[in-house]
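Trainee: Hi, could you walk me through this one? I have a few quick questions.
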Amino acid sequence: MGGGPVPSFGSQRLGALFCLRSGKLGEQCEAVVRFPRLFQKYPFPILINSAFLKLADVFRVGNNFLRLCVLKVTQQSEKHLEKILNVDEFVKRVFSVIHSNDPVARAITLRMLGSMASIIPERKNAHHSIRQSLDSHDNVEVEAAIFAAANFSAQSKDFAAGICNKISEMIQGLATPVDLKLKLIPILQHMHHDASLASSSRQLLQQLVTSYPSTKMVIVTLHTFTLLAASSLVDIPKQIQLLLQYLKNDPRKAVKRLAIQDLKLLANKTPHTWSRENIQALCESALHTPYDSLKLGMLSVLSALSGTIAIKQYFSSAPGTAATTARSFDLVKLAQECCYHNNRGIAAHGVRILTNISASCQEKDLLPLEQDAVFGLESLLVLCSQDDSPGAQATLKITLTCMVKLVKCRPHLSQSVVESLLTQLHSAQDAARILMCHCLAAIAMQLPVLADGMLGDLMDLYKLIGRSTTDKKQELLVSLATVIFVSSQKALSSEIKTVIKQQLENASNGWTAYRIARQASRMGNHDMARELYQSLLTQVASEHFYFWLNSLKEFSHAEQCLTGLQEDNYSSALSCIAEALKSYHKGIASLTAASTPLNPLSFQCGFVKLRIDLLQAFSQLICTCNSLKTSPPPAIATTIAMTSGNDLQRCGRISNQMKHSMEEFRNLATRYGDLYQSSFDADSATLRNVELQQQSCLLISHAIEALILDPESASFQEYSSNGTAHVESEYERRMMSVFNHVLEEVESLNRKYAPVSYLHTACLCNAVIALLKVPLSFQRYFFQKLQSTSIKLALSPSPRNPAEPIAVQNNQQLALKVEGVVQHGSKPGLFRKIQSVCLNVSSVLQSKSGQDYKIPIDNMTNEMEQRVEPHNDYFSTQFLLNFVILGTHNITVESSVIDSNGIVWKTGPKTTIFVKSLEDPYSQQVRLQQQQGQLPSQQQQQRTAYSRF
């Protein structure tokens with residue numbers, strides 16, 4: 001995350017204002033439409049307030065086309081409206097046009113007011129103008145008034161309550177045209193501010209449904225009905241029953257489609273409100289309808305419900321009734337019937353329902369449905385893999401997603417699912433092969449189902465793809481290589497590496513080779529990755545890219561050096577770690593050279609530096625263990641221990657060394673925790689990787705404490721594994737296995753032998769070697785950032801020159817205003833979202849001027865913290881700071897974010913300003929008078945003392 005001072009926007013702003021003052025209409029319009037981009041670049045109130053006031057002037061004096069441009073800018077910049085500081089002045093300038101004789105100008109003004117409803121929800125003059133314009137004879141003005149009424153109803157409870165009767169009269173009035181009624185009815189969806197208002201609106205809609213049975217009226221009324229129920233929440237079960245009634249009894253397909261669409265909306269928003277009878281009625285309608293399009297829609301609703309709590313409510317036996325077998329349920333019959341339907345979409349929803357039932361319901365009589373789900377998935381796989389049309393690919397994605405979910409919940413089905421995928425890979429289209437490879441990799445990451453015997457088929461297919469000439473060839477090479485890396489749990493054989501490199505040479509695409517190398521680094525195949533990075537070094541056009549690839553090559557070589565470690569061979573382990581450190585130091589130098597101001601590679605540098613320090617700590621620990629042989633405890637060690645009362649002294653110098661080593665590992669664990677907290681945009685696999693590194697440090701520090709430093713008070717319960725905890729990758733599985741093994745060894749030694757013996761040191765060394773033998777996984781965030789979030793802070797008052805301090809009198813408080821903007825990349829909130837921002841303000845006295853006074857400690861420092869929730873990605877707050885001590889103070893404002901789960905992330909940025917505390921004039925004058933008064937009295941005292949002699 002970045003931050004710091006806001007860049008100067010004077011030139012852009014002056015250019016826009018200059019064009020606004022131009023006499024040419026084209027230049028004025030061009031200047032107006034540039035404002036949204038200016039707001040995105042500098043989203044702070046100081047600019048936005050002045051810009052909107054200028055736009056309001058243009059709106060007031062310009063023609064209707066300019067007004068329309070200003071309206072579009074206001075609608076595009078809706079999230080910046082709350083940053084307008086002079087709201088009254090802005091509204092006054094815009095509202096003056098409402099008194100125009102031109103109905104089009106009035107209509108544009110009404111739409112402008114409607115677009116500003118979020119900042120002026122309770123303006124009575126705007127409410128009055130909207131009510132008046134609803135009675136206008138000009139259609140354009142009436143439509144604009146309807147737009148404004150809808151927006152104000154959504155924001156203001158008073159306006160909604162006041163306008164409800166007016167809307168009701170217009171809808172029921174005979175003079176109102178039907179097309180106008182169709183536009184008025186949707187306003188009622190916003191009448192949800194209290195129960196009585198929602199109830200009266202619901203009664204009106206109920207009357208309309210029965211009084212106006214035409215197709216358009218029924219569709220609009222029913223949809224408004226649904227949106228009102230979804231917002232008010234209290235009438236959702238009634239609305240579901242009403243929609244099901246129309247779905248069953250109304251013969252018009254358009255009404256049925258609308259009912260299905262609204263049922264799906266309610267299924268996604270409130271699945272817990274669906275009763276067993278509702279689902280049963282929907283199943284019956286789906287079973288009896290002769291139209292495939294309607295059956296597809298109903299199945300999509302059931303498919304959405306099948307992944308929620310509603311499915312368990314459906315299968316739970318009703319009280320007082322005998323439990324029925326699963327196959328007798330209409331939902332199961334419908335899903336089984338649709339699994340082999342000739343319509344791909346219907347079949348896809350059928351297998352998804354069966355998959356969700358198998359995954360969420362553990363009852364014994366539902367177990368036979370697993371095979372039905374598998375057979376349905378296999379048939380769809382065969383059907384869709386031969387077709388490269390977009391519809392077939394969409395169905396295939398649903399099928400493969402269901403396969404991954406089914407295997408995750410039912411691991412015993414994995415073998416048959418994987419075999420069917422491998423069989424179908426040979427005959428599938430290239431687009432389908434890519435998706436199938438992704439599915440295979442996802443399954444193999446969770447479960448070790450791809451045996452070495454399957455590698456032959458994969459390699460044959462890789463050779464076959466290499467001879468292909470389709471445009472999907474590059475993507476397919478990467479996808480299949482990923483499956484091969486996942487399936488080969490140990491190091492790749494030379495034959496496999498040769499085949500992959502040959503196909504890449506034929507493909508002659510450097511980007512494909514880089515992606516495959518990146519996947520090899522993620523899967524721990526560092527030997528293959530190093531060779532590919534080496535081959536790419538001369539194919540890049542930028543020195544930053546060269547240094548990046550060179551650093552990756554060195555890291556891969558370093559990790560490859562650690563694969564040769566063997567248990568009980570500690571001298572070899574030390575040399576392997578030394579060789580790895582040598583490559584890591586080369587790599588970190590290249591990585592630093594590859595960073596740029598726009599791409600500082602902070603996570604990568606932090607991760608690698610921690611890895612270097614961890615390897616050095618491991619090396620030091622092995623040397624410390626060896627010191628028991630080279631420098632055993634002296635003969636008088638027992639006597640020294642008894643004399644000093646410290647039992648550890650009988651172990652000799654190794655006890656102090658082990659204490660330092662334990663502190664070092666705990667310090668490393670803390671640093672890994674800091675790296676974790678600073679990685680807000682990282683994916684879950686990367687964060688889990690960092691967490692595993694932290695746990696390995698804690699494991700070794702615990703082992704040192706349990707074996708040597710404090711064996712009696714060591715507790716093993718808090719470090720015990722979760723047993724059946726779900727692991728997401730092979731790397732995690734292997735690390736957890738090492739953790740469990742080390743803990744078992746440490747616990748058994750702790751009970752049998754007193755410290756320190758060669759068995760204890762051997763156990764520690766073997767634990768280090770076991771951890772290093774698991775190939776490190778460089779996860780996605782090391783190479784690619786899918787989510788980007790940054791915070792930009794602005795402080796006021798702020799000096800013109802950053803090095804210049806702000807002058808404050810010491811008897812006054814400084815009101816520091818902190819404003820901030822949250823900026824997102826192309827995929828905001830992909831992994832986690834910002835719930836609130838935590839701002840921490842602290843001040844430190846840098847240099848003191850004047851005399852030293854005894855001042856309470858509370859007045860010497862400022863340490864404050866506030867949490868603010870961003871609204872439309874903007875937040876602001878204020879701090880009152882005391883500077884009693886004269887001198888220069890350094891104020892630091894640091895921001896961190898809190899996500900929707902309440903986790904604090906130390907993302908930054910950190911901004912610093914200087915304040916100079918000056919003595920107030922009155923105190924200065926009093927002090928000078930006191931000094932001038934003391935000086936003559938001191939001279940008089942000296943003369944009196946001398947006169948005695």
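Trainee: Is C283 buried or exposed?
Mentor: C283 counts as buried, at 0% relative accessibility; buried is under 20% relative accessible area, exposed over 50%, partly exposed in between, with a 1.4 Å probe and protein chains only. This is a predicted model, where local features need pLDDT of at least 70, side-chain atom pairs count only at pLDDT 80 or more, and totals for chains, interfaces and linings use all residues. Residues are numbered from 1 along each chain as its sequence is written, and side-chain values use heavy atoms, leaving out hydrogens and water.

Trainee: Why is C283 not bonded to C338?
Mentor: The C338 sulfur is the closest cysteine sulfur to that of C283, but at 9.9 Å it is too far for a bond. A disulfide needs two cysteine sulfur atoms within 2.5 Å, and the structure holds 0 disulfides.

Trainee: And what about C623, how far is the nearest cysteine sulfur?
Mentor: That of C765 is 9.1 Å away, and C623 is in no disulfide. C623 is partly exposed, with a relative accessible area of 36%.

Trainee: Changing topic, which strands pair with strand 9?
Mentor: Strand 2 (residues 806-809) runs parallel to strand 9, joined by 4 bridges, and strand 7 (residues 887-899) pairs with strand 9 in the antiparallel sense over 8 bridges. Strands are DSSP runs of E, at least two residues, numbered from the N terminus, and pairing takes at least two DSSP bridges.

Trainee: Which strand 9 residues are the partners of A807 and V893?
Mentor: A807 has K916 as its bridge partner, while V893 has T911.
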